Amino acid sequence: MTPELNDIDRQPVAKHNPVIKQVPVIDLAELLHDSSSNAALTAIDKIAQACKTWGFFQVINHGIATTHIEEVWKQTHALFALPTKEKLALMRSRQNPWGFYNHELTKNQRDKKEVFDFTLQDFDPIYHQANRWPRQHPQFKATMLAHLEACTTLGLKLLEAFCLGLNLPARFLHPHFEGTHTGFVRLNYYPTKDPLAGISTDHSGTADLGIHHHTDAGGLTLLLQDHVTGLQVYRDGLWYDVPTVKGAMTVNTGDMMQVWSNDAYQAPIHRVLAMDHRERYSIPFFLNPAADCLVAPVPSVVDAKNPRHYKPIGWGDFRGKRSDGDFADYGAEVQISDYRI
Ligand SMILES: O=C(O)CCC(=O)C(=O)O
Ligand SMILES: [Fe+2]
């Protein structure tokens with residue numbers, strides 16, 4: 001499929017970078033310790049404000065141990081350093097999206113990256129498939145599953161702040177997630193060389209970006225970035241760099257949060273530049289609702305002046321279609337705009 005001529009990815013990069021000043025770095029210490037304290041209320045306010053503007057913010061003192069994060073990075077580097085043949089043995093398929101992939105598409109264009117995806121062990125109510133794990137690194141599986149769990153705990157805490165910011169009870173959305181969520185972790189590797197160089201394949205379209213522009217499909221995303229910049233967010237016709245902050249996790253809202261909030265919160269359009277000089281790694285965790293969840297604007301955020309903007313979206317179906325589009329070109333990728341009233 002030919003990309004649209006007027007592609008968002010061809011818009012200019014901002015000369016000044018207000019993201020650095022405006023995407024807040026929010027200290028979660030008080031929120032995690034005593035969510036009714038004044039400092040926690042300030043943090044909740046900042047989170048809601050960020051969700052209504054850039055859709056991005058960074059969190060520090062997020063409760064995930066530095067030693068754990070270091071181990072996650074170590075295992076991530078080791079995975080992508082495996083010989084190509086061994087990575088290809090972990091390759092995902094259309095039926096089973098878990099494992100390695102080196103020619104992922106975003107909006108039907110090939111990304112210059114390699115990825116490795118996994119979900120909860122023995123719980124996959126959308127695809128009913130098993131995780132793939134590398135035999136060569138026995139510690140990998142335990143480290144990664146611990147990471148999924150740590151991110152889930154933090155993600156559910158942030159979900160409370162997201163709800164409070166919409167004047168909903170803190171745990172209003174929890175029934176769609178707790179014990180039933182379909183979240184997953186992705187390891188991203190952006191090499192300087194095209195990952196398909198030297199591999200014979202019919203997927204040879206140019207990969208001119210690390211990830212082409214997209215919004216994340218689910219509730220919210222918790223991202224570990226390494227020290228190499230490359231992530232950019234799109235706003236009003238311009239692209240802005242999202243800085244890397246040592247020890248922080250970068251958070252952004254996803255499509256389902258935009259739908260629940262009836263557009264009060266924005267799922268930001270973002271992308272990653274192609275790495276030409278320095279390789280880059282990142283590790284997003286996508287907190288996604290239960291497979292059978294029907295996502296629709298929350299009644300209390302809708303009124304006569306601000307009617308419902310979306311028809312209900314069956315999460316399992318939406319996610320399945322998005323993952324198909326990542327795998328291969330099956331026509332236009334599904335978007336929440338397809339459900340707009
Ligand atoms: O690599 C990054 O910083 C962002 C990755 C991302 O947007 C994604 O995997 O959806
Ligand atoms: Fe993303």
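Here is a short walk through this structure, from its metal site to its aromatic rings. Keep in mind that the model is predicted.

Let's start at the iron ion (ligand 2). His214 and His270 each coordinate the iron ion through NE2, and Asp216 does so through OD, at 2.2 Å. Along the sequence, these donors follow the spacing H-x1-D-x53-H. His214 belongs to strand S8 (residues 209–214) and His270 to strand S13 (residues 270–273), so this pair ties together parts that are 56 residues apart in sequence. Are these two histidines buried or exposed? Buried means under 20% relative accessible area. His214 counts as buried because its relative accessibility is 12%, and His270 is buried too, at 5%.

Now for the rings. A pair of aromatic rings is described by the distance of the centres and the angle of the planes. The whole structure holds 18 aromatic pairs. One of them is edge-to-face: Phe116 and Phe140, with 5.4 Å between centres and 90 degrees between planes. This pair links strand S6 (residues 114–119), where Phe116 sits, to helix H6 (residues 138–164), home of Phe140, across 24 residues. Both Phe116 and Phe140 are buried.

Phe184 and Phe286 make a tilted pair, 4.9 Å centre to centre with 35 degrees between the planes. Here strand S7 (residues 184–190), with Phe184, is linked to strand S14 (residues 280–287), with Phe286, and the two residues are 102 apart. Phe184 and Phe286 are both buried, and ring pairs join them with Trp98 and Tyr127 in a cluster.

Finally, look for charges over rings. The charged end of Arg92 sits over Tyr101, 5.4 Å from the ring centre, while Arg271 lies over the face of Trp239, 4.1 Å from the ring centre.

Notes: Residues numbered from 1 in each chain as written. Chains lettered and ligands numbered in written order. Predicted model: local features only at pLDDT ≥ 70, side-chain atom pairs only at ≥ 80, totals over all residues. Heavy atoms only, no water. Donors = N, O, S within 2.8 Å, 3.2 Å for Na, K, Ca; no water. Helix = DSSP H or I, 4+ residues; strand = E, 2+ residues; numbered from the N terminus. Buried < 20%, exposed > 50% of the residue type's maximum accessible area, 1.4 Å probe, protein only. Phe/Tyr/Trp six-rings, centres within 6.5 Å; stacked < 30°, edge-to-face > 60°. Lys NZ or Arg CZ within 6 Å of the ring centre and 35° of its normal.
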